[in-house]
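This report is an introduction for a reader new to the structure. It starts at a single residue and then turns to the whole chain and one of its sheets.

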Amino acid sequence: MNDLHISDSVRYIGADDTTIDLFESQYPVPNGVSYNSYLILDEKIAVMDTVDRRAADRWLENMDAQLQGRSPDYLVIQHLEPDHAGSIGLLLEKFPEMQMVGNAKTFSMLPKYFPGGWADRSVTVKEGDTLPLGSHTLTFVMAPMVHWPEVMVSYESSEKLLFSADGFGTFGALSSGESWDAEAARYYFNIVGKYGVQVQALLKKAAGLDIRTICPLHGPVLREDLGHYLGKYDLWSRYEPEEPESVLLAYASIHGNTAQAAGKMKEILEKKGCPRVAFIDLCRQDQAVAVEEAFRCGRAVFMSPTYDGGLFPAMDHFMAHLRDKTWRKRKAAIIENGSWAPAAAKVMRGYLEAMKDIELCPTVHTIQGAVKDCDAAAMEQIAAELLS
Ligand code: FEO
């Protein structure tokens with residue numbers, strides 16, 4: 001169980017969701033997810049974001065237990081995605097005097113989710129504006145595209161807390177006790193990874209703040225060794241691999257021949273000294289893990305059969321994902337399978353050539369059906385090029 005005590009004045013009131021199958025209807029979350037929300041209790045009371053409607057009942061119970069009959073003055077809306085903003089309407093109905101605090105973008109987008117938008121209850125803030133609550137003061141820092149355009153984070157100066165919105169979040173319900181490191185990378189690369197430039201901009205602003213605790217909207221509250229988390233975010237958002245020598249070997253196979261070739265390729269890479277091969281069957285494993293590994297490793301091999309005159313769907317889907325996440329700065333190799341009119345390599349090359357700073361190995365090999373001795377020789381050559 002993660003420790004949720006922040007301070008006497010700042011309370012965790014979020015809720016776990018352990019019954020959700022797919023986060024954003026696409027990412028398996030076997031250990032669930034948490035929708036974090038916080039309460040700052042001072043002369044004025046601020047609620048920091050709401051939660052997904054799925055968890056609204058538990059969140060309201062948690063809030064009532066901490067409020068002890070008082071009413072919040074402000075709801076700070078850092079992010080409008082429904083996993084955080086889904087319960088805004090409930091809160092506004094429950095506390096008719098409460099005002100919403102957001103930026104101009106927040107309030108231009110709010111009516112798209114909540115027609116009407118309660119314009120008369122909005123307090124608009126911009127970069128550097130402050131909200132005094134008593135002994136606590138919030139300062140707002142705009143963080144557009146980390147992960148939506150309206151995102152802002154909030155710094156509380158008396159306790160040196162950074163409320164970081166989706167930034168520094170992770171999958172996994174807090175009750176699972178899972179560490180931040182276990183799922184933070186899969187979360188980052190799949191949810192925020194496309195926006196490295198914007199994450200870098202936020203990190204530069206954060207560098208000017210004295211931060212003791214990070215309170216994200218998903219996953220554990222981060223208190224110690226903050227350099228570890230900030231360092232990971234800096235590395236990830238610069239698109240640098242954590243394991244430059246490791247290889248992602250991502251393959252798709254229809255009847256098992258390309259899978260057999262992939263197994264052979266793994267063996268060759270390991271014999272040549274590759275420290276770790278992340279071996280992923282794109283047809284059966286979570287593609288979000290494949291995306292995470294693609295960013296973690298410095299090198300990648302893509303192996304796929306031809307299908308319908310093009311690329312087999314599982315590989316096509318994966319490479320489209322990498323393109324959309326702006327995967328870059330890596331060395332890559334291509335191996336296709338096609339017993340007549342092979343076309344997979346051409347499509348894979350097209351994807352890779354359209355990405356930034358991808359060094360493609362010169363040898364591209366075509367397996368024709370089953371793996372033969374000549375294929376092993378070609379794979380030896382490709383492995384040598386990839387690891388050089
Ligand atoms: Fe956790 Fe972008 O919402």
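Where is the place of Gln 68? Gln 68 sits in the loop that connects helix 1 (56-67) with strand 8 (74-76). The model is a predicted one. In this model the phi angle of Gln 68 is near 45 degrees, which is a positive value in a residue other than glycine. Is Gln 68 buried or exposed? Gln 68 counts as exposed because its relative accessibility is 70%, and the cut-off for exposed is over 50%.

A positive phi is also found at Lys 160, a residue other than glycine, with a value near 60 degrees. Lys 160 belongs to the loop between strand 13 (152-156) and strand 14 (161-163).

**The protein as a whole**

The protein holds twelve helices and 22 strands. Its C-alpha trace spans about 75 × 40 × 35 Å along the principal axes. Of the 388 residues, 58% are buried. The exposed surface comes to about 15,700 Å², and carbon and sulfur atoms supply 49% of that area. Taking the contacts between residues at least 6 apart in sequence, 72% join residues at least 24 apart. The protein carries 38 positive and 53 negative charges, and the mean positions of these two sets are 5 Å apart.

**An open sheet of six strands**

Which strands form the open sheet, and in what order? Six strands take part, in the order 1-6-7-8-9-10, with mixed pairing. Strand 1 (10-12) and strand 10 (122-124) are the edge strands, each pairing on one side only. From one strand to the next the twist averages 25 degrees.

In general, the strands of a sheet pair through backbone hydrogen bonds, in either a parallel or an antiparallel way. The table lists three of the pairings in this sheet.

| Strand pair | Direction | Bridges | Facing residues |
|---|---|---|---|
| Strand 1 and strand 6 | antiparallel | three bridges | Tyr 12 and Tyr 38 |
| Strand 6 and strand 7 | antiparallel | four bridges | Leu 41 and Ile 45 |
| Strand 7 and strand 8 | parallel | three bridges | Val 47 and Leu 75 |

Strand 6 covers residues 38-41. A hairpin leads from strand 6 to strand 7 through three residues.

Which residues of strand 7 point one way, and which the other? Ile 45 and Val 47 point one way, Ala 46 and Met 48 point the other way, and all are buried. Side chains in a regular strand alternate between the two faces of the sheet. Two of these residues also appear in the table: Ile 45 stands opposite Leu 41, and Val 47 has Leu 75 in strand 8 as its bridge partner.

**Helices against the sheet**

Helix 1, which precedes the loop of Gln 68, packs on this sheet and touches strand 1, strand 6 and strand 7 (45-48). The direction of helix 1 makes about 15 degrees with that of strand 6. Helix 4 (residues 104-113) lies across strand 9 (99-102) and strand 10. At what angle does helix 4 run to strand 9? The angle is about 120 degrees.

Technical notes:
Residues are numbered from 1 along each chain as its sequence is written. This is a predicted model: local features need pLDDT of at least 70, side-chain atom pairs count only at pLDDT 80 or more; totals for chains, interfaces and linings use all residues. Side-chain values use heavy atoms; hydrogens and water are left out. Helices (H or I, at least four residues) and strands (E, at least two) are DSSP runs, numbered from the N terminus. Buried means under 20% relative accessible area, exposed over 50%, partly exposed in between (1.4 Å probe, protein chains only). Contact means heavy atoms within 4.5 Å. Accessible areas come from the Shrake-Rupley method with a 1.4 Å probe; for residues, only the protein chains shown count as cover. Lys and Arg count as positive and Asp and Glu as negative; His and the chain ends are not counted. The place of a charge is taken as NZ of Lys, CZ of Arg, CG of Asp or CD of Glu. Two strands pair if DSSP finds at least two bridges between them. Axes are lines fitted to C-alpha atoms, for helices over the stretch in contact, and angles run from 0 to 180 degrees between N-to-C directions.
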